[in-house]
Amino acid sequence: MTTEQQHPFSSADYVFMSEAIRLAEKGLYTTSPNPRVGCVIVKNGEIIGRGWHEKAGLPHAEINALKQAATEVKGSTVYVTLEPCCHHGRTPPCTDALINAGIAKLIIAMQDPNPLVAGKGIQQLRTAGIEVQYGLLEAQANQLNIGFVSRMVRQQPWIRVKIAASLDGKIALANGKSQWITGEAARTDVHRLRARSCAILTGINTIKHDDPELSVRHVQTTRQPLRVILDNRLEITANAKVLQKTSSLIFTTLQDSEKIQSLTEKGAQVIVLPSPTGKLDLAEVMSKLAEFELNEILVEAGSTLNGALIESQLVDEIIIYCAPILLGNSAQSMLNLPELTSLAQKWKLEITEIGKVGCDIKITAKLV
């Protein structure tokens, strides 16, 4: 995706695109597997229509804005956070609707990374005589759809690892007890992360030790994320909390027809990935998750799986909720990584955000 720079944008353009970004954020918890998109229609310096995409299969942002427009759209300028689609998917192409509406100009935040669109929508609109510019607030639009972009460009979801740790980097006592290291505000913030994620991923050890639900409970949402469990030897039991409510996906290396049948009856889908080592190929798991059209994955696991994902270079972002407590040397560390013999081997991170959530510190970092 290349930013267009030959046309400077006005201060009014920034204001209107900022409103489109704000509208796109309304779909943060609901649009998966589609991108989050907002749109405003402007005529004579005033917004006459607003729209945002709510859910796959429902009208896109541009269509909603056109329907909501209070006056004649012809000759207007449209601001949209993502290049309009030009193909028949779950809904008809938005380019046709914009052309038929007679708009004069279109300003786009970012090009669509989907190969079915990727510049073709822009070309189609320009061919129809509509002036098109793009690249306005591109970084903000890209961040809003970081998982969708990752899946389209890399054929892999955006992987976030969430860790709740003490100030000395511990996630549980030696006996495994970890509830609760962080405060209530941090735990509520985690539910916001869950709500925006397409799936929550964990390992069988976390299921056995904590028996978590891995559901969204403390924020309002109409959609629960898929639960993904990595279980090499199919040790999960049918009464595990994670299997009691919404759908689950279990990855295993074990072809046990009887156990698979019992889990299927509980509503889980079991995928067998044969492995000579008896361990799941984590890169293959992530590729499969992309095939399921999952954009953002939140990992809530223990130090072993967290470390294995980082060692496999599959983690994009680490979010650490750091509590102002100390748990001591015998407590469990946040990451199980191999011993380094040289500082040159260190894992490099770029801290992108630091803030306080209740009494805890939230650190967001990307792996370099």
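Where is the place of Thr-252? Select it: Thr-252 sits in strand 10, which covers residues 248-252. The model is predicted, and this tour returns to Thr-252 after a look at the whole chain.

**Whole chain**

Show the C-alpha trace first. The C-alpha atoms fill a box of roughly 70 × 45 × 40 Å along the principal axes. The radius of gyration is 23 Å, which agrees with the value near 21 Å for a compact globule of 368 residues.

Switch to a cartoon and colour by secondary structure. The protein has 11 helices and 16 strands. Of the contacts between residues at least 6 apart in sequence, 69% join residues at least 24 apart.

Now turn on the surface. The accessible surface comes to about 17500 Å², and carbon and sulfur atoms account for 50% of it. Buried residues make up 51% of the 368 residues.

**Strand 10: Thr-252**

Go back to Thr-252 and hide the surface. Is Thr-252 buried or exposed? Its relative accessible area is 0%, so Thr-252 is buried.

Next, select what is in contact with Thr-252, leaving aside neighbours within four places in sequence. The selection holds Asp-231, Asn-232, Arg-233, Leu-234, Val-270, Ile-271, Val-272, Leu-273 and Leu-280. Draw a distance between the C-alpha atoms of Thr-252 and Arg-233: the separation is 6.3 Å, with the two positions 19 residues apart along the chain.

**Helix 1 and its cover**

Select residues 11-24, which form helix 1. Its 14 residues should span 20 Å at 1.5 Å a residue, and the end C-alpha atoms are 20 Å apart, which agrees. Colour the buried residues of helix 1: Asp-13, Phe-16, Met-17, Glu-19, Ala-20, Ile-21, Leu-23 and Ala-24.

What covers the buried residues of helix 1? Add strand 1 (38-43), strand 2, strand 3 (77-82), strand 4 (105-110) and helix 5 (138-144) to the view; the cover includes these elements.

Keep Glu-19 and show side chains. Glu-19 forms a salt bridge with Arg-50, with the closest N and O atoms 2.9 Å apart. Glu-19 belongs to helix 1 and Arg-50 to strand 2 (residues 46-52), so this pair ties together parts that are 31 residues apart in sequence. The two partners can be coloured by accessibility. Glu-19 counts as buried at 15% relative accessibility, whereas Arg-50 counts as partly exposed at 36%.

**Helix 7**

Move to residues 184-196, which make up helix 7. This helix has 13 residues and reaches 19 Å from its first C-alpha to its last, close to the 18 Å expected at 1.5 Å a residue. Its buried residues are Ala-186, Thr-188, Asp-189, Val-190, His-191, Leu-193, Arg-194, Ala-195 and Arg-196.

Pick Asp-189 and Arg-192 here. Their side chains form a salt bridge, the closest N and O atoms being 3.1 Å apart. Both residues lie in helix 7, three residues apart, about one turn of the helix. An α-helix has 3.6 residues a turn, so residues three or four places apart point the same way. Asp-189 counts as buried at 12% relative accessibility, and Arg-192 counts as partly exposed at 38%.

**Helix 10 and a network**

Which side chain meets Glu-291 in a salt bridge? Select Lys-288: the N to O distance is 4.0 Å. Both residues lie in helix 10 (residues 282-291), three residues apart, about one turn of the helix. At 59% relative accessibility, Glu-291 counts as exposed. Lys-288 counts as partly exposed, at 26%.

Then select Arg-36, Arg-160, Arg-196, Glu-296 and Glu-317 together. Salt bridges that share partners join these residues into one network. Arg-196 appeared earlier, among the buried residues of helix 7. A search of the whole structure finds 16 salt bridges.

**Strand 15: a nonpolar patch**

For the last stop, turn the surface back on and select Ile-351, Ile-354 and Ile-361. These three make a nonpolar surface patch of about 290 Å². Ile-354 is in strand 15, residues 349-357. With a relative accessible area of 57%, Ile-354 is exposed. Set Ile-354 beside Thr-252 to end the tour: Ile-354 is exposed, whereas Thr-252 is buried.

Technical notes:
Residues are numbered from 1 along each chain as its sequence is written. This is a predicted model: local features need pLDDT of at least 70, side-chain atom pairs count only at pLDDT 80 or more; totals for chains, interfaces and linings use all residues. Side-chain values use heavy atoms; hydrogens and water are left out. Patches are made of residues with over 30% relative accessible area and no salt bridge: like charges are joined within 9 Å, nonpolar side chains (Val, Leu, Ile, Met, Phe, Trp, Tyr) within 5 Å. Accessible areas come from the Shrake-Rupley method with a 1.4 Å probe; for residues, only the protein chains shown count as cover. Helices (H or I, at least four residues) and strands (E, at least two) are DSSP runs, numbered from the N terminus. Buried means under 20% relative accessible area, exposed over 50%, partly exposed in between (1.4 Å probe, protein chains only). The radius of gyration is taken over C-alpha atoms; the globule rule is 2.2 Å times the number of residues to the power 0.38. Contact means heavy atoms within 4.5 Å. The expected span of a helix is 1.5 Å times one less than its number of residues.
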